[in-house]
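This report goes through the cores, the sheet, the backbone and the cysteines of one protein model.

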Amino acid sequence: MVFTEGGLSTTHPTRSYHSRMADLSGLHILCVPSWWPSPEQPISGVFVNDYIRGFTQAGARVGIVFPDLVSLRHIRFGARAPIRPRLSWEAVDGVPVVRIRGWHTAFRRPAWQMGRYLKWLRWGVSEYITRHGPPDALHAMVSIPAGWACAQLDGPLSRRIVLTEVTGPFSLVMDDAANAAFVREAMAKAATVVSVSEQARTEMRSHGINRAIELCGNPVARDFCETAVLHRSNGGSIRALYVGRLVKEKGVIELAEAAARIGTTADVEWHFAGDGPVKDEVRATFNRTGMGDRLHLHGLCDRARVVAFMEQCDLLVHPTYHETFGLSVAEALCMGLPVVTTRGTACAEFINGTNGLLVEPRDVDSLAIGIQEMIQRLRGPSLFNRAAIAEPARRRFSGEAVAEKYGEWFRSTMSHA
């Protein structure tokens with residue numbers, strides 16, 4: 001479906017919503033991600049790019065070293081990798097990337113994976129330093145394997161680690177005793193540990209991580225923070241948007257059922273930007289209730305299309321069961337879009353009476369009532385001002401805001417000789 005411009009009104013000029021520009025000039029940061037895009041998994045770890053862009057735009061020199069351990073299970077999908085690991089140089093937005101790529105299997109033994117990741121990391125860091133000089137600090141994305149491996153490097157770098165933990169739920173890495181031991185060591189040795197939400201920090205502490213844990217959300221890409229905010233009139237169809245994987249744990253089955261209960265009386269178009277194994281079930285629910293013409297499944301969308309959807313929809317619905325951060329919710333708020341999402345998740349930390357509504361997870365009735373209440377507000381003298389929603393969200397989630405916090409932590413690590 002192609003959106004038209006009908007129903008759009010006042011625009012607000014593009015501008016930065018951060019009060020002052022972060023300054024990371026003079027810092028040289030080497031990022032070590034646990035996940036990074038590859039031919040087999042092209043969107044794996046793409047959120048790391050937004051950290052990189054935020055740091056570079058704030059003046060830092062940034063590099064990336066990624067040990068790309070290609071699982072043998074990808075052979076059946078036609079994956080190709082060298083038997084012996086091979087080092088190659090790439091670039092992302094001018095940022096140098098060292099990739100060490102090869103086939104790998106750990107036979108379900110975490111120590112084998114950690115050992116191989118560390119070996120390849122040492123190789124990549126050595127090559128990076130030879131060409132670009134030693135970095136001031138390491139930014140490890142996730143405790144295992146990246147955080148643990150960074151802590152095993154030789155010299156002062158092993159003590160200059162800012163570790164960002166985004167695993168959710170955190171129990172995924174703590175329920176296995178072998179993995180948990182590596183996580184605890186990574187957490188103990190990092191100079192600074194950062195959680196992306198209070199929800200995630202609470203989970204970490206519930207598993208015995210008792211050290212200081214800083215708090216900073218993931219950065220939202222500039223596309224969402226600098227695009228002009230559009231106000232739609234309250235006439236015509238309401239356009240409801242979901243952005244994310246079409247999987248059960250994101251609550252999309254409940255969303256389809258809630259849409260069916262709301263029916264055609266509310267005149268709602270339902271737009272799903274994403275793909276996944278329950279897509280056919282979502283479609284079947286809409287068709288069964290005679291609402292098939294109201295459903296628009298857009299499949300996987302690039303960032304530009306998601307921005308366009310958020311510009312021209314009226315609300316985002318994100319009925320997830322669990323969320324460590326909730327990037328699509330943060331993106332929607334930065335675009336001024338009010339949100340219906342679930343209590344007890346990290347997304348709830350972003351929501352107040354001025355920018356959205358909270359509903360119970362796994363509860364079709366609660367979700368349907370929440371969406372109907374949102375529609376009523378949007379139909380009446382709206383309580384949701386898109387510019388007023390966007391401004392505090394952009395201050396909180398922009399790359400500049402995140403870089404400013406990380407700049408303090410990077411500089412602090414440099415005292416760890």
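## Nonpolar cores

Beyond its neighbours within four places in sequence, Trp-270 is in contact with Ala-240, Leu-255, Ala-259, Ile-262, Phe-286, Met-291, Arg-294, Leu-295, His-296 and Ile-371; contact means heavy atoms within 4.5 Å. The model is predicted, so local features need pLDDT of at least 70 and side-chain atom pairs count only at pLDDT 80 or more, while totals for chains, interfaces and linings use all residues. Residues are numbered from 1 along each chain as its sequence is written, and side-chain values use heavy atoms, with hydrogens and water left out.

Trp-270 belongs to the largest nonpolar core, which has 92 residues; Trp-270, Phe-272, Met-310, Ile-371 and Tyr-406 have the most contacts inside it. A nonpolar core is a set of buried Ala, Val, Leu, Ile, Met, Phe, Trp, Tyr and Cys residues joined through side-chain atoms within 4.5 Å. Buried means under 20% relative accessible area, exposed over 50%, and partly exposed in between (1.4 Å probe, protein chains only). A second, separate core of 38 residues includes Val-98, Leu-118, Ala-149 and Met-187.

## The open sheet

Helices (H or I, at least four residues) and strands (E, at least two) are DSSP runs, numbered from the N terminus. An open sheet of 8 strands has the order E4-E5-E3-E2-E6-E7-E8-E9, with mixed pairing; two strands pair if DSSP finds at least two bridges between them. E4 and strand E9 (214–215) stand at the edges with a single partner strand each, so one side of each has no neighbour in the sheet.

At one edge, strand E4 (residues 86–92) and strand E5 (residues 95–104) pair in the antiparallel sense over 7 bridges. Trp-89 stands opposite Val-98 in E5. The hairpin of E4 and E5 has 2 residues between the strands, and Asp-93 takes a positive phi near 55° there. At the other edge, strand E8 (residues 192–195) and E9 pair in the parallel sense over 2 bridges, with Leu-215 in E9 as the bridge partner of Ser-195.

## An enclosed helix

In helix H11 (residues 327–334), 7 of the 8 residues are buried, so the helix is largely enclosed by the rest of the structure. These buried residues pack against helix H7 (222–226), strand E11 (238–243), helix H10 (303–312), strand E14 (315–318), strand E15 (339–342) and helix H13 (386–397). Gly-336, just after H11, has a positive phi of about 80°.

## Backbone details

Two cis peptide bonds precede prolines: one joins Ile-144 and Pro-145, with omega about 0°, and one joins Gly-168 and Pro-169, with omega about -10°. Pro-145 lies in helix H3 (residues 143–151), whereas Pro-169 is in the loop between strand E7 (161–165) and helix H4 (171–174).

Val-142 is not a glycine, yet it has a positive phi of about 90°. Val-142 sits in the loop between strand E6 (137–141) and H3 and is buried, at a relative accessible area of 1%. Arg-362, also not a glycine, has a positive phi of about 60°; Arg-362 is exposed, at 60%, in the loop between strand E16 (356–359) and H12.

## Cysteines

The count of disulfides is 0, a disulfide being a pair of cysteine sulfur atoms within 2.5 Å. The closest cysteine sulfur to that of Cys-31 is in Cys-150, 8.8 Å away, too far for a bond. For Cys-347, the nearest cysteine sulfur is that of Cys-334, at 13 Å. Cys-31 is buried, with a relative accessible area of 2%, and Cys-347 is buried at 0%.
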